[in-house]
Amino acid sequence: MGRIVLVGFPGCGKSTVGKKLAFKLSYGFVDLDNAIEEAYHLSIPEFFAKYGENAFRTCEQKVLTNKLSEDNIVISAGGGTPCFFQNMELINAHSTSVYIQMAPQSLFHRLSHAKRVRPLVQNMTPTELQQYIDSTLAVREPFYLQAHLTVKGESLDVEELVGKVGTVSMLSN
């Protein structure tokens, strides 16, 4: 079973790191948000606007469960994915989970300069964005910290991560 799920706050680099990690391991890569967009034929912002967050989280769990049945895959989970239903327990039971941890200031910098629209933070002032990061990270981090492995996003070395993931995978089997 070769499954790795990357968790962390939006903007921490899950998709970028996930693609590199998948390449190094010769695994497939799935960005969970992209998989949801493909499955439901709506962008994430459109989905939120049309159906709301609760419906999104239900669909997100269905797609996550489906992807966790695949082998040799790296999954970049959405920032909120681990925090709803029993998703973090599901992730830990069926994969090696990695939390890409970043300081709030680093997240603020990345989110304020992001090219991709993030539905929960669009149209926020810098003060509102900082408050959102601080309060939301305080709620989400206890879920993220349940991951098998925590790495610092600011100084992440993918080669080093490949070795750490391999060690953790051996220990959890």
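Two strands count as paired if DSSP finds at least two bridges between them. With that in hand, welcome to a short tour of this predicted model.

**View 1. The open sheet and its strand order.** Here you can find an open sheet of 5 strands, arranged in the order 2-3-1-4-5 with parallel pairing. Strand 2 (28-31) and strand 5 stand at the edges with a single partner strand each, so one side of each is left without a neighbour in the sheet. From one strand to the next, the twist averages 20°. As general background, strands of a sheet pair through backbone hydrogen bonds, either parallel or antiparallel.

**View 2. Strand 1 beside strand 3.** Take a closer look at one of these pairings: strand 1 and strand 3 (residues 73-76) run in the parallel sense and share 4 bridges. A good place to start is Val5, whose bridge partner in strand 3 is Ile75.

**View 3. Helices lying on the sheet.** Helix 1 (residues 14-25) lies across strand 1, strand 2, strand 3 and strand 4. Its direction is at about 160° to strand 1. Helix 2 (residues 32-40) also packs on the sheet, where it touches strand 2 and strand 3. The direction of helix 2 makes about 75° with that of strand 2.

**View 4. The largest nonpolar core, with Val98 in focus.** This core has 47 residues, and those with the most contacts inside it are Leu6, Val7, Phe9, Val98 and Leu161. Helix 3 (residues 44-67) gives the largest share of the core, 7 residues. Now settle on Val98 and leave aside its neighbours within four places in sequence. Val98 is then in contact with Ile4, Val5, Leu6 and Val7, as well as with Ala147, Leu149, Val151, Leu161 and Val165.

**View 5. A cluster of aromatic rings.** Tyr40, Phe47, Phe48, Tyr51 and Phe56 form one aromatic cluster, and the count for the model comes to 6 aromatic pairs. One of them joins Tyr40 and Phe47, with 5.8 Å centre to centre and 85° between the planes. That pair is edge-to-face, because its angle is over 60 degrees. Phe47 is buried, at 3% relative accessibility, whereas Tyr40 is partly exposed at 30%. Phe47 also pairs with Tyr51: the ring centres are 5.2 Å apart and the planes stand at 55°, so this pair is tilted. Phe47 and Tyr51 both belong to helix 3 and lie 4 residues apart, about one turn of the helix. Tyr51 is partly exposed, with a relative accessible area of 46%.

**View 6. The kink in helix 6.** Follow helix 6 (residues 126-144) along to Ala138, where there is a kink of about 40°. The kink lies shortly before the proline Pro142. The buried residues of helix 6 are Leu129, Tyr132, Ile133, Thr136, Leu137, Arg140, Glu141 and Tyr144. What do they pack against? Their partners are strand 1 (3-7), helix 3, strand 4 (96-101) and helix 5 (104-112).

**View 7. Ser155 in its loop.** Our last stop is the loop between strand 5 (149-152) and helix 7 (158-172), where Ser155 lies. Is Ser155 buried or exposed? Its relative accessibility is 59%, so Ser155 counts as exposed. Look for Met102 as well: Ser155 and Met102 are 53 residues apart along the chain, and their C-alpha atoms are separated by 9.4 Å.

Note on methods:
Residues numbered from 1 in each chain as written. Predicted model: local features only at pLDDT ≥ 70, side-chain atom pairs only at ≥ 80, totals over all residues. Heavy atoms only, no water. Core = buried A, V, L, I, M, F, W, Y, C linked by side-chain atoms within 4.5 Å. Buried < 20%, exposed > 50% of the residue type's maximum accessible area, 1.4 Å probe, protein only. Helix = DSSP H or I, 4+ residues; strand = E, 2+ residues; numbered from the N terminus. Contact = heavy atoms within 4.5 Å. Phe/Tyr/Trp six-rings, centres within 6.5 Å; stacked < 30°, edge-to-face > 60°. Bend = angle between axes of the 7 residues up to and from the residue. Axes fitted to C-alpha atoms, helices over the stretch in contact; angles between N-to-C directions.
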